[in-house]
Amino acid sequence: MTTTTNAIRIAFFAAAGAAACTWAPHAVADDTVQTELGGQADVGSGQQWTISALQPSADPISHPTAGTLWEATATSAPAQGGIPIVPGFSAQSPAGDTYPVLWSVPTPLGINPSALPAGGSATGKFYFDITGPTPDRVTYTSDDHNLASWVQPVPAPGGAGASAPAPAATAYTPPAQAGGPAALPAAPGATAPAAAGNSGTPAAAPE
């Protein structure tokens, strides 16, 4: 029974993978659901996916790469349960260069292809062989359409942790001394500077 089940899964993924490889080069993005990496999106049939951490990978995998190995962390949460559908995902560059997920490569940290119960989830990694421009998103493609895309967020101006400029210092003008030039009248609503003395203690009156 186990051998038969595995054979069915392999055949299923092979058919889906062949379709994914055919779709990706012709995909259009006019109706794509777009979110930032780390967000969740529905790719159809209740297949909810969360994709994050798109980056170069140092994981060893049993697949020779022609370029640089990249990875993304993926969580599948099919609303009604079922097998996570991995074929159809790809990493993409801003110019549209497409790198299909290495779905057929067995990896210890990849998504488990076992069926999930309703409300269940599975988390693992996607791997991509990046042979051209650097990707900035992961996209799910079906029937010549990019249905969902998880995009690298744009850095805030000044970079992370940039602080606001400090307010300009205000010069302190001492009160007029006895016998000296009279002080200018204070602006309406302004508070006059405190007289010299210890904090909270009135200054002594002159003898």
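Which residue in β8 does Ser90 stand opposite? In the predicted model examined here, Ser90 faces Thr139 of that strand. The paragraphs below place this pair within the chain and then within its strands.

The chain contains one helix and nine strands. The helix comes at the start of the order from the N terminus, and the strands follow it, giving the pattern α-β-β-β-β-β-β-β-β-β. Of the 207 residues, 29% count as buried. Among contacts between residues at least 6 apart in sequence, 71% join residues at least 24 apart. The exposed surface of the chain amounts to about 12700 Å², of which carbon and sulfur atoms supply 59%.

Strand β5 covers residues 89-92, and its side chains point in two directions. Phe89 and Ala91 point one way, whereas Ser90 and Gln92 point the other way. The four residues Phe89, Ser90, Ala91 and Gln92 are all buried.

Strand β5 pairs with two strands, which are described here in turn. With β8 (residues 137-142), β5 pairs in the antiparallel sense over four bridges; the position of Ser90 opposite Thr139 belongs to these two strands. With β6 (residues 98-100), β5 also pairs in the antiparallel sense, over three bridges. In β6, the residue opposite Ala91 is Tyr99.

The connection between β5 and β6 is a hairpin, with five residues lying between the two strands. Within the turn, Gly96 has a positive phi of about 100 degrees.

Definitions and conventions
Residues are numbered from 1 along each chain as its sequence is written. This is a predicted model: local features need pLDDT of at least 70, side-chain atom pairs count only at pLDDT 80 or more; totals for chains, interfaces and linings use all residues. Side-chain values use heavy atoms; hydrogens and water are left out. Buried means under 20% relative accessible area, exposed over 50%, partly exposed in between (1.4 Å probe, protein chains only). Contact means heavy atoms within 4.5 Å. Accessible areas come from the Shrake-Rupley method with a 1.4 Å probe; for residues, only the protein chains shown count as cover. Two strands pair if DSSP finds at least two bridges between them.
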